[in-house]
Amino acid sequence: MEIHTNIPLKNFTTMKLGGNARFMTEVRTPEEVVEAYRNAKAQSLPVFVLGGGSNVIAKDEGFNGLIIRMRIPGFSVIADDLNSTTVQIGAGEEWDSVVKRTVDMRLSGIEAMSAIPGTAGAAPVQNVGAYGQEIADTLVSLVAYDTQADSFVTLLNENCEFSYRQSIFRDSQIGRYIIVSITLKLSKNLPQPPFYDALQAYFDQHDVHIFTQETIRNAVIDIRSSKLPDPKLLPNSGSFFKNAIVEDWQLAELKNANPDMPTYDMGDGRFKVPSGWLIEQAGLKGQVLHGIRVNDKNAVVLINESATGYHDLAEARNEIINTVRDKFKIQIEQEPLEV
Ligand code: EPU
């Protein structure tokens, strides 16, 4: 196992800022995960697992421990029946190539999550979602190295405690599990309307009347590329803020004051309010704060234009959070994890 030292985390995160990792290694098998973890533990070093780095922000002081870069490959059909196919996917696979492969197999369930950067193993951590699908809808189980028990465990969907952009992996059990593979059960049926508003609007506009996994994938790729900056060209980490969640009693008051405010019913008496809309209404869309640009197409995305480090991003973030709070009495929260 090759271990590298003093590696700039800005080269491994799509926001492209932050200090160095003291140690970094790549793992290509579950056994290498165990080896890397035990090595770090023997030296009392903290461990952080990195996938594509598209939802992780590195701090300026860097990471005084071992970064494990997840590179475990794999894509295999493990069950197949009349209506569904179940696939097991290595945590290090690139998420979008997994989506493409399942769409090519005419399987439905993750096609609306096309063109999301990152790795398959990172998807359950923040319960990745887009255009009406989230990984919690199709994930049957996953295999992880349980660092507490020093053994591999299979966690079922319900063990992951998924909710909007949340799971045990970034909440109650943060740092405990290293996901090595995920198992998804996908449908052989064609995707059925009703579709997510933005998707339906696209279909109407482009005269699309045949809904297949492929037409959905292509539509999503088109919508995303028109709204979300490509991290390869403009450093960013997708939605920088989670959408705000408000209770129904708060909603009435907000709607009164802002009749045009878009909202999504979460079905449990709570409503999502798009942070992009809140930031735009607070007058920040397109502005540059401390070298960080609030994206002018969707204000929920922050672009690192000329930040000199994490401290600039943190100041910009805090100003945005405070401005939104002062205007709407809503506290928006950062989505990416920090190392
Ligand atoms: N809006 C504005 N101004 C803005 C941004 C949005 O008015 O600057 C309005 C839009 O017009 C629309 C609503 O807000 O009415 C929602 O916007 P959009 O459909 O673009 O989606 P979003 O809520 O900003 C979420 C996810 C995205 C995901 C899209 C599509 C979060 C934090 N973000 O964005 O996920 O791709 O829905 O499903 O949940 C990510 O997490 O990194 C991400 C990109």
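This briefing goes through the ligand site, the strands and sheets, and some loop residues of the structure above. The model is a predicted one. In it, the shell around the ligand holds 23 residues, and the protein covers 83% of the 820 Å² of accessible area that the ligand has on its own. Two open sheets are described, one of four strands in the order 13-19-18-17 and one of three strands in the order 14-16-15. A cis peptide bond joins Pro193 and Pro194.

**The ligand and its shell**

- The residues that come nearest to the ligand, out of the 23 around it, are Tyr131, Tyr164, Asn243, Glu280 and Ala299.
- Sorted by class, the shell consists of eleven nonpolar, five polar and seven charged residues.
- Domain 2 (75-187) and domain 3 (236-338) each give at least three residues to the shell.
- Helix 4 (213-227), strand 13 (236-239) and helix 6 (275-281) each supply at least two shell residues.
- Helix 6 contributes the most, with three residues.

**Polar contacts with the ligand**

- The side chain of Asn243 has an N or O atom 2.8 Å from an oxygen atom of the ligand, and Asn243 is also among the residues that come nearest to the ligand.
- In Ser239 the atom concerned belongs to the backbone: an N or O atom there lies 2.9 Å from a ligand oxygen.
- Lys285 takes part through its side chain, where an N or O atom is 3.3 Å from an oxygen atom of the ligand.
- With the protein in place, 83% of the ligand's own accessible area of 820 Å² is covered.

**Strand 3 and strand 5**

- In a regular strand, side chains alternate between the two faces of the sheet.
- Strand 3 (residues 47-50) has Phe48 and Leu50 on a covered face, while Val47 and Val49 are on an uncovered one.
- Strand 3 runs parallel to strand 5 (residues 63-70), and four bridges join the two.
- Leu50, on the covered face of strand 3, stands opposite Arg69 in strand 5.

**The sheet of four strands**

- Strands of a sheet pair through backbone hydrogen bonds, in either a parallel or an antiparallel way.
- The open sheet with the order 13-19-18-17 has antiparallel pairing.
- Strand 13 and strand 17 (288-289) are at its edges and have a single partner strand each, so one side of each has no neighbour in the sheet.
- Strand 13 also supplies at least two residues of the shell around the ligand.
- Three bridges pair strand 18 (residues 292-294) with strand 19 (residues 301-304) in the antiparallel sense.
- Val294 has Leu302 of strand 19 opposite it.

**The sheet of three strands**

- The second open sheet has the order 14-16-15, and its pairing is antiparallel.
- Its edges are strand 14 (244-247) and strand 15 (264-265); each has a single partner strand, so one side of each is without a neighbour in the sheet.
- Strand 14 and strand 16 (residues 270-273) run antiparallel and are joined by four bridges.
- Glu247 has Arg270, in strand 16, as its bridge partner.

**Backbone details in loops**

- The peptide bond between Pro193 and Pro194 is cis, with omega at about 0°.
- Pro194 is in the loop that links strand 12 (177-187) to helix 3 (197-205).
- Arg106 is not a glycine, yet it has a positive phi of about 60°.
- Asn127, also not a glycine, has a positive phi of about 40°.
- The loop between helix 2 (95-104) and strand 8 (129-130) contains Arg106, and Asn127 has its place in the loop between helix 2 and strand 8.
- Arg106 counts as exposed because its relative accessibility is 64%, above the 50% cut-off.
- Asn127 counts as buried because its relative accessible area is 0%, under the 20% cut-off.

**The loop between strand 11 and strand 12**

- Gly175 is in the loop between strand 11 (151-156) and strand 12, and its 62% relative accessibility makes it exposed.
- Along the chain, Gly175 and Ala130 are 45 residues apart, and their C-alpha atoms are separated by 25 Å.
- Asp171 is found in the loop between strand 11 and strand 12, and at 48% relative accessibility Asp171 counts as partly exposed.
- From C-alpha to C-alpha, Asp171 and Val47 are 17 Å apart in space, with their positions 124 residues apart in sequence.

Notes:
Residues are numbered from 1 along each chain as its sequence is written. This is a predicted model: local features need pLDDT of at least 70, side-chain atom pairs count only at pLDDT 80 or more; totals for chains, interfaces and linings use all residues. Side-chain values use heavy atoms; hydrogens and water are left out. A residue is near a molecule or strand if one of its heavy atoms lies within 4 Å of it. A polar contact is a pair of N or O atoms within 3.5 Å; within protein, one must be able to donate a hydrogen and the other to accept it, and residues adjacent in sequence count only if both atoms are side-chain atoms. Accessible areas come from the Shrake-Rupley method with a 1.4 Å probe; for residues, only the protein chains shown count as cover. Ala, Val, Leu, Ile, Met, Phe, Trp, Tyr, Cys and Pro count as nonpolar, Asp, Glu, Lys and Arg as charged, and the others, Gly among them, as polar. Domain bounds come from an automatic or database domain assignment. Buried means under 20% relative accessible area, exposed over 50%, partly exposed in between (1.4 Å probe, protein chains only). Two strands pair if DSSP finds at least two bridges between them.
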